[in-house]
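This report describes the fold, the interior and selected residues of one protein chain. The sequence and the structure are shown first.

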Amino acid sequence: MWLPVIGLLIGVVLGLSIEFRVPEEYSSYLSIAVLAALDTIFGGLRAHLDNHFDIKVFMSGFFFNTLLAAGLAFLGVYMGIDLYLAAIFAFGVRLFNNIAIIRRILIGRWFGDKEEKPLP
């Protein structure tokens, strides 16, 4: 449980202390990749809270979603279409859905709701 927190803290400290700029032409790719990665991380957290977590599914989803999102952004730039907006919308909806479900699970655990309520 503490290993991800330590990794996050190290990443934040390194990110704040190292001067690193992403070239403007790659910013859409990076933003999509980060959004896809966040979607996978929150999906993994949700699966963990539901006791359905599988590391193989998580790792394959993490890399596949990130590469797929960056590939869509690249294809969109190549075709002259803003395809990355579709990926932003899809991953954004999934991200907020996962966060809402995680919030409901945690509230149910904190306040000791005895009956299981169906998740949307």
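The text below moves from the whole chain to its helices, its core and individual residues.

## Basis of the description

The model is predicted: local features require pLDDT of at least 70, side-chain atom pairs count only at pLDDT 80 or more, and totals for chains, interfaces and linings use all residues. Residues are numbered from 1 along each chain as its sequence is written, and side-chain values rest on heavy atoms, with hydrogens and water left out.

## Overall fold

The protein chain contains four helices and zero strands, where helices (H or I, at least four residues) and strands (E, at least two) are DSSP runs numbered from the N terminus. In sequence order the pattern is α-α-α-α.

Along the principal axes, the C-alpha atoms fill a box of roughly 55 × 35 × 25 Å. The radius of gyration of the protein chain is 17 Å, whereas a compact globule of 120 residues would have one near 14 Å; this radius is taken over C-alpha atoms, and the globule rule is 2.2 Å times the number of residues to the power 0.38.

Of the 120 residues, 24% count as buried. Here buried means under 20% relative accessible area, exposed means over 50%, and partly exposed lies in between (1.4 Å probe, protein chains only). The accessible surface comes to about 9,300 Å², and carbon and sulfur atoms account for 72% of that surface; the areas come from the Shrake-Rupley method with a 1.4 Å probe, and for residues only the protein chains shown count as cover.

Contacts (heavy atoms within 4.5 Å) also describe the fold. Among those between residues at least 6 apart in sequence, 71% join residues at least 24 apart.

## Helices α1 and α2

Helix α1 covers residues 2-17, and its 16 residues should span 22 Å at 1.5 Å a residue; the end C-alpha atoms are 22 Å apart, which agrees. The expected span is 1.5 Å times one less than the number of residues in the helix. The count of buried residues in α1 is zero, so this helix is hardly covered. Leu 8 lies in α1 and counts as exposed because its relative accessibility is 57%. Its C-alpha atom is separated by 36 Å from that of Gly 80, a residue 72 positions away along the chain.

For α2, 23 residues should span 33 Å at 1.5 Å a residue, and the end C-alpha atoms are 33 Å apart, in agreement. Its buried residues include Ser 28, Ala 33, Asp 39, Thr 40 and Gly 44. The cover over the buried residues of α2 includes α3 and α4.

Asn 51 is found in the loop between α2 (27-49) and α3 (55-79). Its phi is near 60°, a positive value in a residue other than glycine.

## The nonpolar core

The largest nonpolar core has nine residues: Tyr 29, Ile 32, Leu 35, Ala 36, Ala 69, Ala 73, Ala 87, Phe 91 and Leu 95. The elements giving two or more residues to this core are α2, α3 and α4 (84-110), and α2 gives the most, with four. Such a core is a set of buried Ala, Val, Leu, Ile, Met, Phe, Trp, Tyr and Cys residues joined through side-chain atoms within 4.5 Å. Within the set, Ala 69 touches Ile 32, Ala 36 and Phe 91, not counting residues up to four places away in sequence.

## Residues compared

| Residue | Location | Relative accessible area | Class |
|---|---|---|---|
| Asn 51 | loop between α2 and α3 | 66% | exposed |
| Phe 62 | helix α3 | 23% | partly exposed |
| Asn 65 | helix α3 | 14% | buried |

Leaving aside neighbours within four places in sequence, Asn 65 is in contact with Ala 36, Asp 39, Thr 40, Ser 60, Phe 91 and Arg 94. On the same basis of excluding residues up to four places away, Phe 62 touches Ala 37, Thr 40 and Ile 41. The C-alpha atoms of Phe 62 and Gly 15 are separated by 21 Å, with their positions 47 residues apart along the chain.

## Database annotation

An unreviewed UniProt entry lists residues 27-45, 57-77 and 83-102 as "transmembrane region". UniProt positions are given in the numbering used here, feature names are shortened, and annotations may be inferred rather than shown by experiment. In the model, residues 57-77 are 100% helix and 0% strand, with end C-alpha atoms 30 Å apart. Residues 83-102 are 95% helix and 0% strand, with end C-alpha atoms 29 Å apart.
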